[in-house]
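Subject: The structure I promised you

Hi,

Here is the structure we talked about, with my notes underneath. Have a look at it first, then read on whenever you have a minute.

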Amino acid sequence: LNCYTIFIFLRARRFIMKKTAEGGGTNALRVFHPAIKPCPSEKQILRESGIIMESIYGDNLPRMQAVMDEVLGYIREVRDQLKAKYGSDPVEHCLSRIKTDDSMREKCRRQGLPETEESALSVIHDAIGIRVVCAFLSDVYAVRDYLTSIPVLSVVEEKDYIRHAKPNGYRSLHMIFRHTCGLYVEIQLRTISEDTWAALEHNIKYKKEIGGNNALLVKELKRCADELASTDLSMQTLHDMIYEENSAEMQTEAQN
């Protein structure tokens, strides 16, 4: 698409918009030639000319957004239920995203897959991603149990790196759900401690210069992960003790 073609296109577009505003509609196109057909959209012209690339998701982005919003709604439901039971929100924060075109295409190339809609939505399962960060370990599994009970969601894959941590110390619960509409959603559930460690590990690991201390770095990261995991268990114990004491007090008051 050369500069002259772009110039002509922009002039024609401005003229058509003006005629349309005056009530000429698509008939304004025939000013240029009696036999001319209504021109395609600007986006279509740019796409066919190679200026913009077709989304790897095709026309599925609105549907993907709807599924993501629906699952976030289920997470809000379980948050409300646990908040009513324990008196506090079990989720510290929740993040969601649809993987960008560039990121998905790069992943396809990395896995040796064609950059197609099928690869993005059927072979790769994390186009829609949600991360739920919880206060306590029990909250992680409470959210997990609630999501597995949703009729429109079926568990495709579950990897419990909390009970079975990765060698480097990474802990998180990874789940892949398949919605009845055919779209997949990846959900990561973890505690505040686990999320903090993962963020710091990512920041440290991908520094450009780590010198010859790589072995020491890996060892210290693992030690920190284990200490944070121990802290999570201690905090869970305290949480359970407080809840049991409060429940006992409420029962005593109810009996009196």
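Below is what I found, going from the whole chain to the sheet and then to a few side chains.

**The chain as a whole**

Keep in mind that this is a predicted model. The chain has 256 residues, and 33% of them count as buried. The accessible surface is about 16000 Å², with 55% of it belonging to carbon and sulfur atoms. I get 8 helices and 5 strands, and in sequence order they run α-α-α-β-α-α-β-α-β-β-β-α-α. Looking at contacts with a separation of 6 or more, 62% are between residues 24 or more positions apart.

**The sheet**

The 5 strands make an open sheet in the order 1-2-5-4-3, and the pairing is mixed. Strand 1 (91-98) and strand 3 (153-160) are the edge strands; each has a single partner strand, so one side of each has no neighbour in the sheet. On average, neighbouring strands are turned by 15 degrees against each other, if you ignore direction.

Starting from the strand 1 edge, strand 1 pairs with strand 2 (residues 128-134) in the antiparallel sense, over 7 bridges. If you want a spot to check the register, H93 stands opposite V133 in strand 2. Helix 3 (residues 61-86) packs on this sheet and touches strand 1, strand 2, strand 3, strand 4 (173-179) and strand 5 (184-191). The direction of helix 3 makes about 170 degrees with that of strand 1.

At the other edge, strand 3 and strand 4 run antiparallel and are joined by 7 bridges. Strand 4 also pairs with strand 5, again antiparallel, over 6 bridges. L173 is a handy residue to click on here: L173 is the bridge partner of D160, and in strand 5 L173 has L189 as its bridge partner. Strand 4 is mostly covered, with 6 of its 7 residues buried. Strand 4 and strand 5 form a hairpin with 4 residues between them, and G182 in the turn has a positive phi of about 105 degrees.

**Y170**

Which residues does Y170 touch, leaving out those up to four places away in sequence? The list is Y161, A165, Q188, R190, W197 and A198. Y170 itself lies in the loop between strand 3 and strand 4. Despite the loop position, Y170 is buried, at a relative accessible area of 12%. The side chains of Y170 and R190 are joined by a polar contact of 2.7 Å. You might also look across to L221, which is 51 residues from Y170 in sequence, with 9.2 Å between the two C-alpha atoms.

**Salt bridges**

There are 15 salt bridges in the structure, and I picked out a few.

One of them joins E115 and R105, with the closest N and O atoms 3.2 Å apart. E115 is in the loop between helix 4 (101-110) and helix 5 (117-123) while R105 is in helix 4, so the pair ties together parts that are 10 residues apart in sequence. The two ends differ in cover: R105 is buried, with a relative accessible area of 10%, whereas E115 is partly exposed at 34%. Both belong to a network of salt bridges that links D101, R105, R109 and E115.

Helix 4 also holds R110 and E106, whose separation of 4 residues is about one helical turn. The closest N and O atoms of their salt bridge are 2.3 Å apart. R110 is exposed, with a relative accessible area of 53%, and E106 is partly exposed at 35%.

Where does the salt bridge partner of K222 sit, in the helix of K222 or elsewhere? The partner is D226, and the closest N and O atoms are 2.7 Å apart. K222 and D226 both lie in helix 8 (residues 214-255), 4 residues apart, about one turn of the helix. Both ends count as partly exposed, K222 at 28% relative accessibility and D226 at 30%.

That's what I have for now.

Cheers

Note on methods:
Residues numbered from 1 in each chain as written. Predicted model: local features only at pLDDT ≥ 70, side-chain atom pairs only at ≥ 80, totals over all residues. Heavy atoms only, no water. Helix = DSSP H or I, 4+ residues; strand = E, 2+ residues; numbered from the N terminus. Buried < 20%, exposed > 50% of the residue type's maximum accessible area, 1.4 Å probe, protein only. Contact = heavy atoms within 4.5 Å. Areas by Shrake-Rupley, 256 points an atom, 1.4 Å probe, with all protein chains shown as cover. Pairing = 2+ DSSP bridges. Axes fitted to C-alpha atoms, helices over the stretch in contact; angles between N-to-C directions. Polar contact = N/O pair within 3.5 Å; in protein donor to acceptor, adjacent residues only side chain to side chain. Salt bridge = Lys/Arg side-chain N within 4 Å of Asp/Glu carboxyl O.
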